[in-house]
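Please read the following briefing alongside the sequence and the coordinates. It begins with a single residue and then moves on to the sheet, the helices and the loops.

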Amino acid sequence: MVFSKPITVTDVTFKEIIQSHPLVVIDCWAPWCGPCSMIAPVIEELARNYAGQILFGKLNVDENHEVSMQYQIMGIPTLLVFQNGKLVDRIVGVMPKQLLEQKITRYL
């Protein structure tokens with residue numbers, strides 16, 4: 001299945017999602033987070049541009065404490081990059097689209 005926009009990820013669905021797609025980027029965010037709102041349109045655009053190659057997910061850290069604790073999310077936004085179910089990168093904070101895209105697409 002090809003996703004052209006980020007999917008909602010929860011504590012319940014997290015493991016299945018990262019294990020069933022070769023490359024997954026999970027955006028750990030919260031509704032009250034200003035920088036999270038700034039990076040959201042970039043994540044949406046990357047999800048469209050890389051549909052079928054990279055699965056993007058959004059995990060609300062206020063509602064999903066298990067994953068947040070497991071991966072020690074201390075600041076948001078944090079992007080967790082998984083390749084074949086294994087954490088390969090962690091990107092914290094907001095950055096320009098081009099830099100973020102480079103950091104993510106090197107795993108393709």
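Gln72 counts as exposed because its relative accessibility is 56%, where exposed means over 50% relative accessible area, buried under 20% and partly exposed in between, with a 1.4 Å probe and protein chains only. This is a predicted model, in which local features need pLDDT of at least 70 and side-chain atom pairs count only at pLDDT 80 or more, while totals for chains, interfaces and linings use all residues. Residues are numbered from 1 along each chain as its sequence is written, and side-chain values use heavy atoms, with hydrogens and water left out.

**The sheet**

- Five strands form an open sheet with mixed pairing, in the order β1-β3-β2-β4-β5; strands (E, at least two residues) and helices (H or I, at least four) are DSSP runs numbered from the N terminus, and two strands pair if DSSP finds at least two bridges between them.
- The edge strands are β1 (7-9) and β5 (86-92), each of which pairs on one side only.
- Neighbouring strands of this sheet are turned by 30° against each other on average, direction ignored; axes here are lines fitted to C-alpha atoms, for helices over the stretch in contact, and angles run from 0 to 180 degrees between N-to-C directions.

**Strand β2 and its partners**

- Strand β2 (residues 23-29) is mostly covered, with six of its seven residues buried.
- On the side of strand β3 (residues 55-60), β2 pairs in the parallel sense over six bridges; Val25 has Phe56 as its bridge partner in β3, and Cys28 stands opposite Leu59 in β3.
- From β2 the chain crosses through helix α2 (residues 34-49) to β3 in a right-handed β-α-β crossover, a term used if, with the strands pointing away from the viewer, the path from the first strand over the helix to the second runs clockwise.
- With strand β4 (residues 78-83), β2 pairs in the antiparallel sense, again over six bridges, and Leu23 stands opposite Gln83 in β4.

**The hairpin of β4 and β5**

- β4 and β5 pair in the antiparallel sense over six bridges, and Gln83 of β4, which faces Leu23 of β2, also stands opposite Lys86 in β5.
- Two residues lie between the strands of this hairpin, where Asn84 takes a positive phi near 50°, a positive value in a residue other than glycine.
- Asn84 counts as exposed because its relative accessibility is 60%.

**Helices on the sheet**

- Helix α2 packs on the sheet and touches β2, β3 and β4, its direction making about 155° with that of β3; contact means heavy atoms within 4.5 Å.
- Helix α4 (residues 97-105) lies across β2, β3, β4 and β5, and runs at about 170° to β5.
- The two helices α2 and α4 pack at an angle of about 50°, with their axes 11 Å apart, and α2 is therefore oblique to α4, since angles under 35 degrees count as roughly parallel, over 145 as roughly antiparallel, 65 to 115 as roughly perpendicular and the rest as oblique.
- The crossing of α2 past α4 is right-handed; a crossing is right-handed if the near helix is turned clockwise from the far one by less than a right angle, and left-handed if anticlockwise.
- At this interface, Ile39, Val42, Ile43, Glu45, Leu46 and Asn49 of α2 meet Lys97, Leu100, Glu101 and Ile104 of α4.

**The loop between α3 and β4**

- Gln72 lies in the loop between α3 and β4 and has a phi near 45°, a positive value in a residue other than glycine.
- Pro77 has its place in the loop between α3 (65-70) and β4, and a cis peptide bond with omega of about 0° joins Ile76 to Pro77.
- Pro77 is buried because its relative accessible area is 2%.
- Not counting residues up to four places away in sequence, Pro77 touches ten residues' worth of surroundings that include Asp27, Cys28, Cys33, Pro35, Cys36 and Ile39, as well as Ile91, Val92, Gly93 and Val94.- The C-alpha atoms of Pro77 and Val94 are separated by 7.1 Å, although these residues are 17 apart along the chain.

**The loop between α2 and β3**

- Ala51 has its place in the loop between α2 and β3 and counts as partly exposed because its relative accessibility is 26%.
- Leaving aside its neighbours within four places in sequence, Ala51 is in contact with Val2, Phe3 and Ser4.
- Ala51 and Leu23 are 28 residues apart in sequence and 11 Å apart in space, C-alpha to C-alpha.
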